[in-house]
Amino acid sequence: MPLQKILFKPGVNKENTRYTTEGGGYEADKVRFRQGNPEVIGGWQPFSAAYFQGVCRSLWNWVTLGGDNLVGVGTNLKFYLNQGGLYYDITPIRATSTINNNPFAATNGSAVITVTDTSHGALTGDFVTFSGAVSLGGNITATVLNAQYQILNVINANSYTFTASATANASDTGGGGASVVATYQINVGPAIPVPLVGWGAGAWGSPPPVAPPSTVGTWGYGLTSTSSLRLWNQINYGQDLVYGPRTGGIYYWEANDGVNTRGVLLNSLGGNVTFTNASPTVVTSTVLFTEGAALQFAATTSLPTGVSAATTYYVFNVNGLTFNLLDQAGNIVNTSSTGTGVYVSLIVDVPTVQNNMTVSDTSRFVIAFGCNDYNSSVLDPMLIRWSAQDDIYNWTPDPTNQAGFIRISHGSEIITTIQTRQEIVMFTDSAIYSLQYLGPPYVWAPQLLGDNISIMGPNAAVIASGIVYWMGVDKFYSYDGRVNTLNCDLRRFVFGDLNQEQSLQVFAGTNEGFNEVWWFYCSANASAIDKYVIYNYMEKIWYYGTMSRTAWLDSGLQSVPIAANYTTATLTGNLINHETGLNDNTTGTAVAIDAYISSSEFDIGDGHNFGFVWRVLPDLTFENAENTPAGAVPSVSMTLQGLANSGSGVTSTASQPVSKSNTYVITEQFTGQIYTRMRGRQMIFKISSNQINTCWQLGAPRIDIRADGRR
């Protein structure tokens, strides 16, 4: 018999039986296709030697006017800025106050310290920084106490514990003094979604995982996993950053303040004001406010007589940076003194809670999706609000600006948004919308693009080459002006082995250098991400593999894609540079990438007679592979598996290595032929590698066959 060439169709197909999909790939891991031929994916290594705390679910990259290349890193515990490989903690502060007199209590022989702070509002795992404390008298010195700690256990609404950096002795009988200041960071969030809880799950009357401690579960209380995973939204506003946790506030970080300065609530940035003692009083502000804007005031020294703290007033008769005030009854406000150190403590109309937000690039609006309405603190999951154009502080609708709001109707909540060239694509849990800028008087208008459309989670959509791709609950979609269902050769394989309870962990990313969209997900029995599926939108093919990542960013501001990793043993994570090198360098020590692809079943000859394969002529390239320090040459293993028929199982197996034959850069010089013994009517071909410094691409190998009867 003549030599039989083995040519495989590109991609991996598991939608049918292994014999039906003859001529293509059927199983794979860490392999991609380039112009139809399979090859091992690129290697990865740490972004830097630094680590962050918690599980990262959000990455964003931008450059400031000063040329600083920054990456925002949002974890379930913290929010960081990465600059130059170092992580700077800009997690917002929730509360700062001088706490109870002598709030610390130590136990001899223990490092656990009990803190008394009335109505502290903290959750287990929150971070608190103490200052102003004095020594307890022994090992627990002022230096030990005046530091940042993570709360070990919340005892009740007025006390909690933490583990100090030293162990108390018998002399630690003090309480820390009367001037202890506790600075609490915003509450932490869960690292993974928690499935429905209720009767028999957790302590009696326990609160939901992200609720404040004062929230007590009612009889039969249940909680869906929708709100039980810490996801951050972040996007730059010019050189500054707007960010906040899903179902949390909107925070603002100003680049001019530097990476050592934490972000603050956007509604607290109303600036300073001065009052002119008059009837009516004249207010001069450092921030431009719109007619009708709702404000509250506070002072470092004193408020003017006639103005009260924590009381809402309305801007009236605006003239540039000066205006008058109306009280809640509509009366003009008069003052009999000017006050000292007065500032706007709250811009009332700025949303205080949001599920998603973005900044429109061309028109410079900040838009909140799923937020609280005016004069309400309750999140409306279908409400959209936007600021005035090019004015992040002004959210009050008025004829003089373009701030506004609209509520959409299809679905129960807005899940996520993707900004494209001429529109913002919005996903609810059952529909997809286009939000477009029209200008006054409507400003922003939604248009329904499709109904009965699903999406797996807030991070499951991505844009690549102008087309939006996303993972639904049972299929994949694209939007290119029309909503399309993607033909997926791995649909049953992926959705049949996906943990739906962990759907919020699903995230998408692009690898533009290889025309790929990646989705990472938890397999059926996993609670952490362990698998990925790839759609190559140029070749319209699919392939898959195993990998543990928690976030992905493909940015032109970085030389390669970056992803977030998490180490359970140390409860820390780091960023990983992908498509770098040839090995898995996650820990700093090179480990081989275990990659393979095996084919579907194909006939030997015409499939009528048994064939005896006695020789294989490989065809592959080791281009860019390197010799190891010990002098070992890169190699792969080629395996043939013979079958008597589709239902017989593998009856004969032969495997041999194929190695690069020398140290010269002659990429097509390798083992010329493999002698083997394998018998069957059908065959499965597999190529695999598990050696450092190895990369390869398979071509069209040939097999030499002798006729071997019909039985």
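Here is a short talk about two cis peptide bonds and two positive phi angles in a predicted model.

Trainee: What makes Ser119 count as exposed?

Mentor: Exposed means over 50% relative accessible area. Ser119 has 58% relative accessibility, so it counts as exposed.

Trainee: Thanks! Where is Ser119 found?

Mentor: Ser119 is found in the loop between strand 14 (112-116) and strand 15 (127-131). Its backbone deserves a look too: phi is positive, about 55°, although Ser119 is not a glycine.

Trainee: Which sign does the phi of Asn375 have?

Mentor: Asn375 has a positive phi, about 60°, and this residue is not a glycine either. You will find Asn375 in the loop that runs between strand 30 (366-372) and strand 31 (379-386).

Trainee: And why is Asn375 called exposed?

Mentor: The cut-off for exposed is over 50%. With 68% relative accessibility, Asn375 therefore counts as exposed.

Trainee: Good, now the peptide bonds. How do you know what kind of bond joins Ser279 and Pro280?

Mentor: Look at omega: the value is about 0°, and the bond joining Ser279 and Pro280 is cis. Pro280 sits in the loop between strand 23 (273-276) and strand 24 (282-285).

Trainee: What is omega for the bond that joins Pro440 and Pro441?

Mentor: Omega is about 5° there, and the peptide bond between Pro440 and Pro441 is cis. As for its place, Pro441 lies in the loop between strand 35 (431-439) and strand 36 (443-451).

How values were computed:
Residues are numbered from 1 along each chain as its sequence is written. This is a predicted model: local features need pLDDT of at least 70, side-chain atom pairs count only at pLDDT 80 or more; totals for chains, interfaces and linings use all residues. Side-chain values use heavy atoms; hydrogens and water are left out. Helices (H or I, at least four residues) and strands (E, at least two) are DSSP runs, numbered from the N terminus. Buried means under 20% relative accessible area, exposed over 50%, partly exposed in between (1.4 Å probe, protein chains only).
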